[in-house]
Amino acid sequence: MRAIIVGSGAGGATVAKELSDKGMEVVLIEKGPTIEAKDASKYYANIDSEVEILRAFCLGGTTTVSAGNGVRALEKELRGLGIDLGEEFEDAERELGVRTLPDSHFGEGTKRIMVAAENLGFDVKKMPKFIDPAKCTPCGKCTSGCQNGAKWSAVEFVKAAEKNGAKIITDMPIDDIIVEDGEVAGVRSKGKVIPADIVVLSAGALETPRLLRKQGLPTTPNLFVDTFITAGGVLDGIKLNKEVTMNALITFEEFILSPHFSNRLVKRMDARGVKVSSEDVLGIMVKIKDEEVGEVNKDVKKVVTNRDAVLLSEGAAIAGSILEKAGADPSTFVSTPVRGAHPGGTARIGEAVDKNLATEVEGLYVADASVLPASPGAPPILTIVALAKYVSKIILNRS
Ligand SMILES: Cc1cc2nc3c(=O)[nH]c(=O)nc-3n(C[C@H](O)[C@H](O)[C@H](O)COP(=O)(O)OP(=O)(O)OC[C@H]3O[C@@H](n4cnc5c(N)ncnc54)[C@H](O)[C@@H]3O)c2cc1C
């Protein structure tokens with residue numbers, strides 16, 4: 001029995017590893033190239049909607065540019081849908097090496113934000129990371145691609161799958177799924193047909209729905225992206241730009257705050273006539289559970305709703321008070337444009353796929369952020385990996 005997996009990101013690489021580990025014939029097909037981890041920033045394939053949506057096309061997918069944050073998201077919501085991922089989360093945390101980093105990996109900027117937030121009465125935690133502190137020499141480049149091989153990316157699972165005998169094909173975009181008599185029969189790329197008994201779509205929440213729709217299969221108009229801004233101000237010589245990014249977490253009901261440097265803060269300050277170097281900026285990301293009302297058609301439509309704007313403003317106000325308490329100059333405060341780095345919800349569980357992540361076509365499954373049932377407002381990789389482990393068990397049980 002041959003399984004083809006389309007896409008090698010958080011979902012696809014996990015399924016490839018799990019199925020090949022149990023001896024199944026696996027072909028993993030990735031649209032992007034094989035890259036050096038440190039060059040990942042060259043492979044961003046962002047989408048310019050009203051909210052700019054970030055993602056990467058390369059082996060390992062968007063995990064190659066992640067900040068290395070590993071938290072359990074949507075556990076309760078998935079349990080409500082009859083999916084208990086307890087065991088899968090535990091396995092994922094162990095395999096990715098999720099832990100908080102030692103104090104040696106906390107820079108002055110992060111520490112100041114943590115102390116200031118605590119003094120204002122907020123509950124501040126260290127962010128759980130899939131970063132190996134023994135290999136990490138903090139450089140602030142997590143989301144450009146890890147320079148030291150310290151951060152887990154899905155490439156590790158791709159390599160494990162290859163070792164298990166899986167065939168890995170890069171630079172091959174899948175254009176279509178082949179369905180015969182209600183059963184999946186393979187995939188097509190540039191006119192070439194590759195037959196399969198099982199196909200798992202893991203092309204990410206902005207591409208998987210397009211492949212489903214070509215077959216007339218249902219998708220869901222519930223695109224979320226965990227919309228975020230970064231608010232920042234000047235604090236001379238703080239060097240947050242050289243620290244482990246997002247190393248602390250302050251959780252609110254509908255948004256999170258985390259220390260974050262963005263070059264766009266420097267540009268915004270410059271546009272306002274405040275000349276600073278990247279080393280002089282202290283920033284905090286405000287990331288919300290956005291309204292699930294975006295759509296993927298020929299174009300992607302994702303706007304900031306009134307409710308999203310209110311949440312972003314509330315978060316920015318709190319971020320501003322923390323930044324000021326931490327020593328940043330309030331007369332220099334600016335914010336980045338709105339962006340989103342966690343697209344999902346375009347083939348939701350219970351609507352486009354069933355509880356087994358199966359589509360209406362026999363043998364066709366989805367294992368990526370498309371299936372997530374709600375905006376997590378939190379890093380989703382661990383949840384996507386856990387779901388991919390879960391669907392792998394289902395596929396192995398049927399074969
Ligand atoms: C800057 C940034 C930082 C982030 N940091 C974190 C973090 O710290 N923690 C966290 O949990 N999440 C983080 N995320 C989000 C996380 O990376 C994504 O949610 C996750 O990778 C999505 O997994 P996926 O499997 O759905 O898709 P992806 O990982 O995007 O993988 C999809 C893959 O499919 C390939 N593909 C697309 N179309 C085709 C096709 N037609 N044929 C073949 N292949 C195709 C793509 O090239 C890609 O490799 C971050 C995202 C960004 C942008």
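How are α1 and α5 oriented to each other, roughly parallel or roughly antiparallel? They are roughly parallel (angles under 35 degrees count as such, and over 145 as roughly antiparallel). Bear in mind that this is a predicted model, where local features need pLDDT of at least 70, side-chain atom pairs count only at pLDDT 80 or more, and totals for chains, interfaces and linings use all residues. Residue numbers start from 1 along each chain as its sequence is written.

**Two helix pairs**

Here are the two packings side by side. Helices are DSSP runs of H or I with at least four residues, strands are E runs of at least two, and both are numbered from the N terminus. Axes are lines fitted to C-alpha atoms, for helices over the stretch in contact, and angles run from 0 to 180 degrees between N-to-C directions.

| Pair | Axes | Angle |
|---|---|---|
| α1 and α5 (residues 155-163) | 8 Å apart | about 25° |
| α3 (residues 86-96) and α9 | within 8 Å | roughly 120° |

In the first pair, α1 passes α5 in a left-handed crossing, meaning that the near helix is turned anticlockwise from the far one by less than a right angle (clockwise would be right-handed). Ala13, Thr14, Ala16, Lys17 and Ser20 of α1 meet Phe157, Val158, Ala160 and Ala161 of α5, contact being C-beta atoms, placed from the backbone, within 7 Å. That patch has six nonpolar, two polar and one charged residues. Nonpolar here covers Ala, Val, Leu, Ile, Met, Phe, Trp, Tyr, Cys and Pro, charged covers Asp, Glu, Lys and Arg, and the others, Gly among them, are polar.

The second pair, α3 and α9, is oblique (neither under 35, nor over 145, nor 65 to 115 degrees), and α3 passes α9 in a right-handed crossing. On the α3 side you'll find Glu88, Phe89, Asp91, Ala92 and Glu93, and facing them Leu382, Val385, Ala386, Lys389 and Tyr390 of α9. No polar residues turn up in this contact, just six nonpolar and four charged ones.

**Around the ligand**

The ligand has 38 residues around it, and Gly7, Gly9, Gly61, Pro379 and Ile381 come nearest; a residue is near if its C-beta atom, placed from the backbone, lies within 6 Å. α1 (10-21) and α9 (381-398) are the elements that give two or more residues to this shell, with α1 supplying the largest share, three residues. By class, the shell has 17 nonpolar, 16 polar and five charged residues.

**Domains**

The domain assignment gives domain 1 (2-97 + 145-220 + 344-398) and domain 2 (103-131 + 227-340). Their C-alpha centres lie 29 Å apart.

Definitions and conventions:
Domains from an automatic or database assignment. Contact = placed C-beta atoms within 7 Å.
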